Amino acid sequence: MSEVVQDNPNRESPVVRVIDLVKRFGTRAVLDGVDLDVLPGETMVVMGPSGCGKSTLLRHMIGSMWPDAGRVELFGRDLGEMGEAELDQARKRFGILFQSGALFNSMTVGENVALPLREHTNLDSDTIDIIVRIKLELVGLREALDRMPAEISGGMKKRAGLARAIALDPEILFYDEPSAGLDPVTSAEIDQLIMDLSHKLGVTSVVVTHEMDSAFRIADRMAMLDRGRILKMGSRQEFEEIRDDQAGRSPAGDIIRQFLRGESDGPITARRLSSGYAEDILGVGRGR
Amino acid sequence: MSREPIQPNMVERLGALALACVRYCGGMALLLGRASRLAFRGLFVPGVRFGRDALAAQIIRIGMRSLGIVVLVQVFIGVILALQMTPPLAPWGQEDKIANIIGVAGFRMLGPIITAIVMCGFAGASIAAELGTMVVSEEIEALEATALNPIRFLVVPRILATLVVTVLLSVVADVMIALGGYLAGLTLGPEVHVGYWQRMREQLEYRDFFTGLFQAGVFGLLIGLIACYEGLKVKGGAEGVGRATTMTVVYSIVAIIVAACLFTVVFYIYKV
């Protein structure tokens, strides 16, 4: 499958493609026809309010959840059509930074970073040791090599998770809420790391976040996910214009603007208040 | 809500219970199938990575932790057996048969089954808690995303380790029950302890020993399987981990006793 990408003359064909993706939990459609393209080398930020399906979308892109309808393509191949072996090959070509870092708590930071190298390459342990030190240096964590995950801070865990994600020199990096729960300085450091990896190594990045400062800092393009659909996908400049624009131009624009500005008044809050509130209080219209 | 929720009737409840049972057993069977395939490939297909280090680490971890308790418990079981058999046997002058009975009961069943029950607590609960915590902290997902199969990487070494450790500890347990009986015999009188080992050796056949070990292997497999299954299907944070730990111990003990009963019936019918 690697040939598919390498032989492709059009460098601009997307490395990640989400096509009409639908995912239901019970009867509730968390993703309701999502389309998304991520081009090689760019940083795509997917944002949206809590519970809009951002993390679910990310989990579909890494093949840990399967769609009810639609499909996800990585490197031009449908994830759903890949067998286990091919999926594993694809997984070696991307890395993920989980929200909590998801370090293996029974191993030291160094062993965490070394694990993908030990399991997927035939490098000898001296070489692996050197690579681990390089990766940790890249995220500024060389001194934490022999520490256990429980002994380091949340920000350090994320950086260690990032070092592990880039251990196999992936072509795509997925980030799940990279700055959630971090102080502003650490958060900015993580953003800087994301940009460095993208610019220096040419890695394609897909970032899921609801931290707007961070989103505008790192994004080349952005997509706004709302109630299981992509409300808008466009360049960072387009989103900046919507943010700074006047209200009332379009309903979708108003939703995006409220979100980008982080205002308490607007269509998102109005929607929340008007949906079933009276029925709930009065106890009508909801019986079985 | 405006109306009372409809209560499921008896038939619906029974149906739901039956479905849940089938689903649970089906899930475990799938896990066992995948784990066996991966274990088989890892052990016998050259070039496929297996993780001997992980297996050794698990065996040492589980085994060392359980060894002391198994020794302690089994000696006491031997003492209890000897003391309780004396009153009914003494009027007939048959106290010397205590050695024979302890031999058969210990080697065939009590050694393996009590070892397995100790293992439920030590190995089962800790495996379920460990895997459950890994699910909650996204570690399992991280493994999958690193193209490492959690079943190969976590489940296979744990199931194999509980299996091997239960069998090995059962051998220790057999000896300890016999020793417990002998120690009790020392206080009960010469009828019991003089010639104790001799009589036990005469009574015991190889099949008493090996059927016991076979059962120990099955018990170990059940514990490892239930613990891994419960651990991997944890949902909902720390509470879920606690629940998985409890259910592992409960289900493992039930499974062990049901299996023991089935084996005893089969061995009895076929005179094994």
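**Note on the contact between chain A and chain B**

1. Between chain A and chain B the count is three salt bridges. The model in which they are found is a predicted one, and that should be kept in mind throughout the points below. In one of these salt bridges B:Arg152 is joined to A:Glu119, with the closest N and O atoms 3.1 Å apart, which lies within the 4 Å that the term allows.

2. Polar contacts can be considered next, and across the interface of chain A and chain B the rule finds nine residue pairs of this kind, both residues being at pLDDT 80 or more. On the side of chain A that touches chain B, at least two residues each are supplied by α3 (84-91), β6 (94-97) and α4 (109-120) of chain A. The largest share, five residues, comes from α4(A). Sorted by character, the residues of this side of chain A divide into eleven charged, nine polar and nine nonpolar.

3. As to the extent of the interface, 29 residues from chain A and 21 residues from chain B take part in the contact. The size of an interface is often given as the accessible area lost when the parts come together. Here chain A and chain B bury about 2100 Å² between them, and 50% of that area is on carbon and sulfur atoms.

4. Chain A contains an open sheet of six strands, which follow one another in the order β6-β7-β8-β3-β9-β10 with mixed pairing. The edges are occupied by β6 and β10 (229-235) of chain A, and because each has a single partner strand, one side of each is left without a neighbour in the sheet. From one strand to the next the twist averages 15 degrees. The edge strand β6 of chain A is also among the elements that supply residues to the side touching chain B.

5. Within this sheet, strand β7 (residues 172-176) of chain A pairs with strand β8 (residues 204-209) of chain A in the parallel sense, over five bridges. A:Tyr175, for instance, has A:Val207 in β8(A) as its bridge partner. Helix α6 (residues 154-165) of chain A packs on the sheet, where it touches β6 and β7 of chain A, and the direction of this helix makes about 170 degrees with that of β6(A).

6. Chain B, the partner in the contact, has nine helices and zero strands, so that a reader following chain B from the N terminus on meets the elements α-α-α-α-α-α-α-α-α. The C-alpha trace of chain B spans about 70 × 60 × 35 Å along its principal axes.

Definitions and conventions:
Residues are numbered from 1 along each chain as its sequence is written. Chains are lettered from A and ligands numbered from 1 in the order in which they are written. This is a predicted model: local features need pLDDT of at least 70, side-chain atom pairs count only at pLDDT 80 or more; totals for chains, interfaces and linings use all residues. Side-chain values use heavy atoms; hydrogens and water are left out. Contact means heavy atoms within 4.5 Å. Buried area is the accessible area (1.4 Å probe) that two parts lose on being put together, summed over both. A salt bridge is a side-chain nitrogen of Lys or Arg within 4 Å of a carboxyl oxygen of Asp or Glu. A polar contact is a pair of N or O atoms within 3.5 Å; within protein, one must be able to donate a hydrogen and the other to accept it, and residues adjacent in sequence count only if both atoms are side-chain atoms. Helices (H or I, at least four residues) and strands (E, at least two) are DSSP runs, numbered from the N terminus. Ala, Val, Leu, Ile, Met, Phe, Trp, Tyr, Cys and Pro count as nonpolar, Asp, Glu, Lys and Arg as charged, and the others, Gly among them, as polar. Two strands pair if DSSP finds at least two bridges between them. Axes are lines fitted to C-alpha atoms, for helices over the stretch in contact, and angles run from 0 to 180 degrees between N-to-C directions.
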